[in-house]
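Trainee: I should like a close look at the salt bridges in this structure, please. Which residues form them, and where do the partners lie?

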Amino acid sequence: MGSGVNRKFSAASTRAHSSNQNKTTSIHFPSGILRTVFAVLFIVVVAWGYQAIQPPPPKLCGSPSGPPITAPRIKLRDGRNLAYKEHGVPKDVANHKIIFVHGFDACRHDAYVAKTLSPDVADDLGVYIVSFDRPGYGESDPHPSQTVKSLALDIEELADKLGLGSKFYIIGFSLGGQVVWRCLKYIPHRLAGAVLIAPVLNYWWTGLPRNLTNEVFYRQKLQDQWTLRVVHYIPWLTYWWNTQTWFPSSSLIADSLDLLSLQDKELLPKRIDRKNHVVGEVRQQGEHESVHRDLIVAFGSWEFSPLDLENPFPNKEGLVHIWQGDEDLIVPVKVQRYIAQKLPWIQYHELQGAGHLFPHLDGISDTIVKSLLNAQ
C-alpha cells in the first residue's frame, strides 16, 4: 500500500511540475515592444509604397546616361531646350509661317499636315511649317512643373527664337489640338489663325452639360475611365497606375487598336514611317515626363474652359477652324458639335465616315491649310 501511495503522489507531482514548466516557458511581449514592431512594419510598408509610386528620373538628352542630341534646339528663358524640325519653303522667303503641335505619344516627326501637304501648295502659297517636340518628348527637355499655360508660353518663345514675326498660325492635332485652346486663351495676340484637328476634350471643363460628358465618358473602356479619374483626382499616383500589373491601365498608352475606327485601320499603312522613331525616340527620356505628364496636364483642373473663350479675331483678321471625324472613337463628335455650337466664331468641319487619323487622307492637308490661309 505504501508503494501505491508513493506512485499516486509521484504522478501528481509530475503533473504539477509539467504545469509549472508550461507557465514558465510561455512568452509575453511587453506592449511597448509590440507597438515598436508594428510601427516599424508600418514604416516599411509606407516606404515601399512611396518608392512604388515614384517615377524614375528622366534620362535627359545630352546627359552622360541619356540619348544623344540630333535635332536643332532652342533654349528657353528657364534653361529648358525645345527640339524642332522645319518643313515647307525656307523661312526667309515664306509668306505664311505655321507652328504644328503634335499629339499624344508623338514627336516633331509626326507633323502630319506638314508631311502630307503637297509641295505645289507649299510652294504656291509660300508655306513654312515648324514642328517641335513638346516637353519630355523626343529631344525636348522635360518640364516637371508644366501647366496648362506654360506650353502656350513655350510656343510663343519658340516663335520669337525662330524669328517667325509678330504673328503666326498654329495647327494642332489630337492632344496637340487641345494645346491650341491654350494658345487661344494665353497668346491670342500672337496668332494669325488657328486649326484644331480632332482636339481632345477634358471631361471636367466647365460649361459642358453633365449628361453629355457622362454619356461619352462611360462609353470608354473601364480601364480608361479609371485612368482619367486617377490623373484628374490623384495625379501623384499616375506613374504607379500606369505601370502596375494588377489592373489594366490606359489603352491609349498601350496603343490599342480598339481605339481605331474602320477608316483609321485602313490608314495605318500610311503611318508605317512612325516605326522609325516612335520606339526609339518618342519616350526615350522616360514615360512619366512624356505620356504620363501629358495626361496629367490635359485632364487635370484647368484655370479656364474653352467654352468661355471670346473670338480672338473680332474684326475677321483671322480664322479658327475645328476639323472632326464623325466616327472618331477617341474624341467624341457629340461634344465637338456642342462646343462648335456654343462658339459660333469657330469654323466647324465634320467629315463623314472619318475617324481619328483622317489627316492621313489624300488631299486633306491641302484643304486644311488652304482654309486656314483663306486661299482658294
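Mentor: A salt bridge here is a side-chain nitrogen of Lys or Arg within 4 Å of a carboxyl oxygen of Asp or Glu. The model is a predicted one. By that criterion, the side chains of Arg337 and Glu350 form a salt bridge, with an N to O distance of 2.8 Å. This pair links distant parts of the chain, for Arg337 belongs to helix α13 and Glu350 to strand β8 (residues 346-351), 13 residues apart. Neither partner is described as buried: Arg337 is partly exposed, with a relative accessible area of 37%, and Glu350 is also partly exposed, at 29%.

Beyond such pairs, salt bridges with shared partners join Arg108, Asp133, Glu139 and Glu281 into one network.

Helix α13 enters a second salt bridge through another of its residues. Lys334 pairs with Glu215, and their closest N and O atoms are 2.7 Å apart. Lys334 lies in helix α13 (residues 333-342) and Glu215 in helix α7 (residues 210-217), so this salt bridge ties together parts of the chain that are 119 residues apart in sequence. Lys334 is partly exposed, with a relative accessible area of 36%, and Glu215 is likewise partly exposed, with 29%.

A pair within a single helix offers a useful contrast. Glu289 forms a salt bridge with Arg293, the closest N and O atoms being 2.7 Å apart. Both residues lie in helix α12 (residues 288-298), where a spacing of 4 residues corresponds to about one turn of the helix. Glu289 has a relative accessible area of 9% and is buried; Arg293, at 13%, is buried as well. Both assignments follow because buried means under 20% relative accessible area.

These pairs may now be placed in the context of the whole protein. A search of the entire structure finds 19 salt bridges. The protein contains 14 helices and 8 strands, and buried residues make up 52% of its 376 residues. Among contacts with a separation of 6 or more, 77% are between residues 24 or more positions apart. The exposed area of the protein is about 18,700 Å², of which carbon and sulfur atoms supply 57%.

To return to the part requested, helix α13 contributes Lys334 to the pair with Glu215 of helix α7, while Arg337 of helix α13 is paired with Glu350 in strand β8.

Notes
Residues are numbered from 1 along each chain as its sequence is written. This is a predicted model: local features need pLDDT of at least 70, side-chain atom pairs count only at pLDDT 80 or more; totals for chains, interfaces and linings use all residues. Side-chain values use heavy atoms; hydrogens and water are left out. Helices (H or I, at least four residues) and strands (E, at least two) are DSSP runs, numbered from the N terminus. Buried means under 20% relative accessible area, exposed over 50%, partly exposed in between (1.4 Å probe, protein chains only). Contact means heavy atoms within 4.5 Å. Accessible areas come from the Shrake-Rupley method with a 1.4 Å probe; for residues, only the protein chains shown count as cover.
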